[in-house]
2 protein chains.
Amino acid sequence: MSPRIPAENKRLKEERKEEILQAAAKVLAYKGYAATKIADIAAAAKVSHGLVYHYFKSKEEIYLALADRIGQAAAALRLSLAQPGAPREKVRMMLERMLAAVRDYPEHYVLAVQMMTTEGVAPAALEKVFTGGREGQEAMAQVIAAGQAAGVFRPGDPRQHFYLLYAAINGLAIVQAFSRRSGQMMADVSAETIMRLIEP
Amino acid sequence: MSPRIPAENKRLKEERKEEILQAAAKVLAYKGYAATKIADIAAAAKVSHGLVYHYFKSKEEIYLALADRIGQAAAALRLSLAQPGAPREKVRMMLERMLAAVRDYPEHYVLAVQMMTTEGVAPAALEKVFTGGREGQEAMAQVIAAGQAAGVFRPGDPRQHFYLLYAAINGLAIVQAFSRRSGQMMADVSAETIMRLIEP
DNA sequence: GTCTATATTTCGATAGAC
DNA sequence: GTCTATCGAAATATAGAC
């Protein structure tokens, strides 16, 4: 008989959970919370729908787990602002990373947009997504303010500048997700282009 | 006894239908298709849910009617491109109108975004929204190309320029809708600001 | 034209076999 | 750990009273 290897078992369990979660991200992003059946997630992850309930207590728990993950990713992005450098360069780096995330994990942005526009489903989810986001907002506003002092950004409320950049990134995520489905691809956009929105 | 006035009756019927449709737009935009119950729409329109079925065959029919309306509104926007004027001025006017629409009918943009990112629900809905949109796309691309020839816009595929502008507008619609709910308002953005994305 | 009551379906969640 | 079978709630859509 093969001996029990708890560590190995645990790893396998984590992997299964991870597989289900990644499958759920795609299905939830492109079908929406309410329209997504547990059966859809199970099918995408190639397991039975009973097994999904073995790993997650409910559909909502899956959604919240994803919100958590997105919030953490947003918080991680912020780190690029802490690195030394001129304000313009910091903002450029930040935008570059966000654009890379849009390219590599479009589902995350689509989910975030969904959470922003959908009421009821995501009261707690939003909180998770934006605890990472709020601090990033603050940090970004400070860097923008520094850039304004140096004359590299236009005058005005730095937080409004941030909203503008954020809106542009989210808009790109949507249009890009859509353009993939509809055939005609949208070309990648550079951080420099986005930054024009707040330059003198 | 009051005589039958068919014209009057027809008008009332149209009004009821219109009321239900407008109520549906708001509920659907902020709850999403699947999460919206007929009862929600009925409550928003202050009628019984049975009456909703009297005017519309199904939830899907309501959704398609809204898609149709949004598509027509998009087509109407295009008219500003047909007016005489320099390319830059035409694009500015177009953006101005789109921004006004975002301000006045945010539900429409939120719905359009939903239709763009949601699969399954809206195969036919998308078609309706974008038959108006496609032609507008073409017209816009031509004006942008003329502007490039005149040196007022950056070189590059004019259609990609259009996508970029379109993405920015949609992103604004989302962030603005969200900022309303979350308290901190996002300030209005000018057409000139958006246009910087494609200027030299 | 408008409402209330109900039939039908669908889906989230659980129980239990393997 | 994984699956199949099933319960029960909820929501779409319909029927019929007023």
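**Figure 1. Chain A of the predicted model, an all-helix pattern in sequence order.** Read from its N terminus, chain A runs α-α-α-α-α-α-α-α-α. Chain A holds 9 helices and 0 strands, where helices (H or I, at least four residues) and strands (E, at least two) are DSSP runs numbered from the N terminus. The C-alpha trace of chain A spans about 70 × 40 × 30 Å along its principal axes. The model is predicted, so local features need pLDDT of at least 70 and side-chain atom pairs count only at pLDDT 80 or more, while totals for chains, interfaces and linings use all residues. Residues are numbered from 1 along each chain as its sequence is written, chains are lettered from A and ligands numbered from 1 in the order in which they are written, and side-chain values use heavy atoms, with hydrogens and water left out.

**Figure 2. The protein surface near DNA strand C.** Around DNA strand C there are 16 residues, of which Lys37(A), Ile38(A), His49(A), Tyr53(A) and Tyr55(B) come nearest; a residue is near a strand if one of its heavy atoms lies within 4 Å of it. Sugar or phosphate accounts for 67% of the atoms of DNA strand C within 4 Å of the protein, and bases for the rest. Three polar contacts to phosphate oxygens are listed here, a polar contact being a pair of N or O atoms within 3.5 Å; within protein, one atom must be able to donate a hydrogen and the other to accept it, and residues adjacent in sequence count only if both atoms are side-chain atoms. An N or O atom in the side chain of Tyr53(A) is 2.9 Å from a phosphate oxygen of DNA strand C. From chain B, a polar side-chain atom of Tyr55(B) lies 2.7 Å from a phosphate oxygen of the strand, and a backbone N or O atom of Ser48(B) lies 3.0 Å from a phosphate oxygen of the strand. Two or more residues of this surface come from each of helix H3 (49–55) of chain A, helix H1 (6–31) of chain B and helix H3 (49–55) of chain B. H3(B) contributes the largest share, 5 residues. The surface near DNA strand C has 5 nonpolar, 7 polar and 4 charged residues, with Ala, Val, Leu, Ile, Met, Phe, Trp, Tyr, Cys and Pro counted as nonpolar, Asp, Glu, Lys and Arg as charged, and the others, Gly among them, as polar.

**Figure 3. The protein surface near DNA strand D.** DNA strand D is surrounded by 16 residues, and the closest are Lys13(A), Ser48(A), Tyr55(A), Lys37(B) and Tyr53(B). Of the strand atoms within 4 Å of the protein, 69% belong to sugar or phosphate and the rest to bases. A polar side-chain atom of Lys37(B) lies 3.1 Å from a phosphate oxygen of DNA strand D, and a polar backbone atom of Ile38(B) is 3.4 Å from a phosphate oxygen of the strand. A base nitrogen of DNA strand D is 3.1 Å from an N or O atom in the side chain of His49(B). Helix H1 (6–31) and H3 of chain A, together with H3 of chain B, each give two or more residues to this surface. H3(A) gives the most, with 5 residues. By class, the surface near DNA strand D has 5 nonpolar, 7 polar and 4 charged residues.

**Figure 4. Helix H4 of chain A against helices H6 and H5 of chain A.** Helix H4 (residues 59–82) and helix H6 (residues 106–117) of chain A pack at an angle of about 110°, with their axes 11 Å apart; axes are lines fitted to C-alpha atoms, for helices over the stretch in contact, and angles run from 0 to 180 degrees between N-to-C directions. H4(A) and H6(A) are therefore roughly perpendicular to each other, given that angles under 35 degrees count as roughly parallel, over 145 as roughly antiparallel, 65 to 115 as roughly perpendicular and the rest as oblique. H4(A) passes H6(A) in a left-handed crossing, meaning that the near helix is turned anticlockwise from the far one by less than a right angle, clockwise being right-handed. Tyr63(A), Leu66(A), Ala67(A), Arg69(A), Ile70(A) and Leu77(A) of H4(A) meet His108(A), Tyr109(A), Leu111(A), Gln114(A) and Met115(A) of H6(A), contact meaning heavy atoms within 4.5 Å. These residues divide into 8 nonpolar, 2 polar and 1 charged. H4(A) and helix H5 (residues 87–104) of chain A pack at about 155° with their axes 8 Å apart, and are therefore roughly antiparallel. Leu77(A), Arg78(A), Ser80(A) and Leu81(A) of H4(A) make that contact with Lys90(A), Met94(A), Arg97(A) and Met98(A) of H5(A).

**Figure 5. Helix H6 of chain A against helix H8 of chain B.** H6(A) and helix H8 (residues 158–181) of chain B pack at an angle of about 45°, with their axes 8 Å apart. That angle makes H6(A) oblique to H8(B). Val113(A), Met115(A), Met116(A) and Thr117(A) of H6(A) make the contact with Ile174(B), Phe178(B) and Arg181(B) of H8(B).
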